[in-house]
Structures are given as structure tokens and as C-alpha cells.
Amino acid sequence: MNSQQDTIYAHAADQIADFQFDQRVAGVFNDMIRRSVPGYAQIINTIGDFADRFVVPKSNVYDLGSSLGSATLSIRRQIEGRACQIFAIDNSQSMIERCKENLAAYVSDTQVNLLCADIRDIEIQHASMVVLNFTLQFLPISDRDALIKRIYDGMLPGGILVISEKLYFEDNQIQHLLDSQHLNFKRANGYSELEISQKRSALENVMRPDSLTVHQQRLTANGFSHFSVWFQCFNFASMVAIK
């Protein structure tokens, strides 16, 4: 999945618009993620490993907020021959178009249904796996419980939900420490202070991270009986919940 270099915020702007997953972002998304999210490749690979372990024959898999299809591809590679369907859903047409190209580059007998839609409108049915890979944090906080409840209700017993998110820390010292480490990560990957500042402004109104405690409480309150963080690097984490 090739990508151009991310230079979206490289030049000073008089006004910073809210971040959108538009055509510009879709074109540089792989580079943006690689340079911004520590451990992203490991998360994607392990999502595939979880699929191999949890996806049962003739069930459905949902990649909610599928972007360019990295998680979908990782899952699909691991569930060949199981007569499953994957539903890859994103509300950005630009992301869906590029995802379609990425999926077409690999031959598979697993059907992938690409849908340009709001994940809050999707009915979850007969699912053995659902993935929210850096997606929940972009939904209004008031809508998150209802989505998790709908996912739980549509999952098979023993099904797995994978949620990857940027975390908020209630301890101010920890928040400052891990936020500083993340900034150093982006600097080491070539982002300038201007790019870091302008992107932070763009995300301020559209990305609202939860704390780990809130994630666990939400999942437990909506029925999930097993929960753990399986990966964390600085202020980024990936969690699993099992029905």
C-alpha cells in the first residue's frame, strides 16, 4: 500500500480547519500513520493473529472505520477457507476507493463488502470479530456506549472485539510524560514543530480520547466479561474484549 509523504501541515496556515479523512489525507495516510502512531504495524499484524484464533467458519467480521484496509487485509490473510464475510466500513469515500484498490491487489476467496457509511448506522450480525482500530475516538462521546452495545448484541458467544485508541490519562504527570514521549516519536520521524502544532490544532475538536478506565467500564457495562490491554506504547493502546 504505497503512500505519498505527509506534508499536509508543513506550511503555515492562517486558519487550521478541523481534521477530515478527505482525499488529501487518504493519499498520505500510510506515511502519516507510520510516523504518528507507535506500534501500528504490530497492531495490524496482531489483529490478523487474533482473527486466526477467534474467527469461526461462516461468521461475519466487521472492520469499523476501515480506512485503507490494513486491518481487513491482515484479517483476510488469516481466515482463508472459512466461508466468512468481512464488512469494511468507512464514512470517507476517498478511503473506500483506496481501500478497494488495496484489496484488489491480493487474490482471496474471502468476500469483503466495502461500505461507505456511518458505522453508527451499521447493523452487526453473527460476528465472531469486530475491529475498531483508532475509530472510536472520533465519535461523539455520547454515541460510544450505544455503538459498543450494538456490537455486543451482534456478536457470537466467544467473539472478540479489538479496540485501538489514543489514551487520555487522569494522572497529569503521566499524561505529560507520555505525551512528551509521543511528541519525541513524531520529531524523530521527521515532523517539524509547525507540523506537530498545526495537526494538533486540527484534531482538537474531532478526536476526544477516553481513559483506560472509561474504556473498561464501558465494555463491562455493555456486557463484555473479559477485557485486557494487549499492547501499549506511550499514549497509544490496543485492547481486547471477549463476549
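**Exercise 1.** In this predicted model, work out where Ala26 is found and whether Ala26 counts as buried or exposed.

*Solution.*
- Start with the helix: Ala26 is part of α1, which spans residues 23–36.
- Next, look at accessibility. The relative accessibility of Ala26 is 2%, and the cut-off for buried is under 20%. So Ala26 counts as buried.

**Exercise 2.** Find which residues Ala26 is in contact with, leaving aside neighbours within four places in sequence, and say how far apart Ala26 and Ser92 are in space.

*Solution.*
- Set those neighbours aside, and you're left with Leu68, Ser94, Met95 and Arg98 touching Ala26.
- Now go from C-alpha to C-alpha: Ser92 sits 8.9 Å from Ala26, though 66 residues separate the pair in sequence.

**Exercise 3.** Describe how helices α2 and α3 pack.

*Solution.*
- What do you need? Two packed helices are described by the angle between their axes and the distance between the axes.
- Grab both values: α2 (residues 40–54) and α3 (residues 70–78) meet at about 35°, and their axes are 8 Å apart.
- Add the handedness: α2 and α3 cross in a right-handed way.
- Then pick out who meets whom. On the α2 side you'll spot residues including Tyr40, Ile44 and Ile47, and on the α3 side Ala71, Ser74 and Ile75 are among them.
- Sort the contact by class: 6 residues are nonpolar, 5 polar and 2 charged.

**Exercise 4.** Say what UniProt places at residues 61–159, and give the helix and strand content there.

*Solution.*
- The unreviewed UniProt entry puts "domain: Methyltransferase" at this stretch.
- Residues 61–159 are 34% helix and 28% strand.
- The end C-alpha atoms of this stretch lie 10 Å apart.

Definitions and conventions
Residues numbered from 1 in each chain as written. Predicted model: local features only at pLDDT ≥ 70, side-chain atom pairs only at ≥ 80, totals over all residues. Heavy atoms only, no water. UniProt positions renumbered as here; feature names shortened; annotations may be inferred. Helix = DSSP H or I, 4+ residues; strand = E, 2+ residues; numbered from the N terminus. Buried < 20%, exposed > 50% of the residue type's maximum accessible area, 1.4 Å probe, protein only. Contact = heavy atoms within 4.5 Å. Axes fitted to C-alpha atoms, helices over the stretch in contact; angles between N-to-C directions. Left-handed = near helix turned anticlockwise from the far one by under 90°. Nonpolar A, V, L, I, M, F, W, Y, C, P; charged D, E, K, R; others polar.
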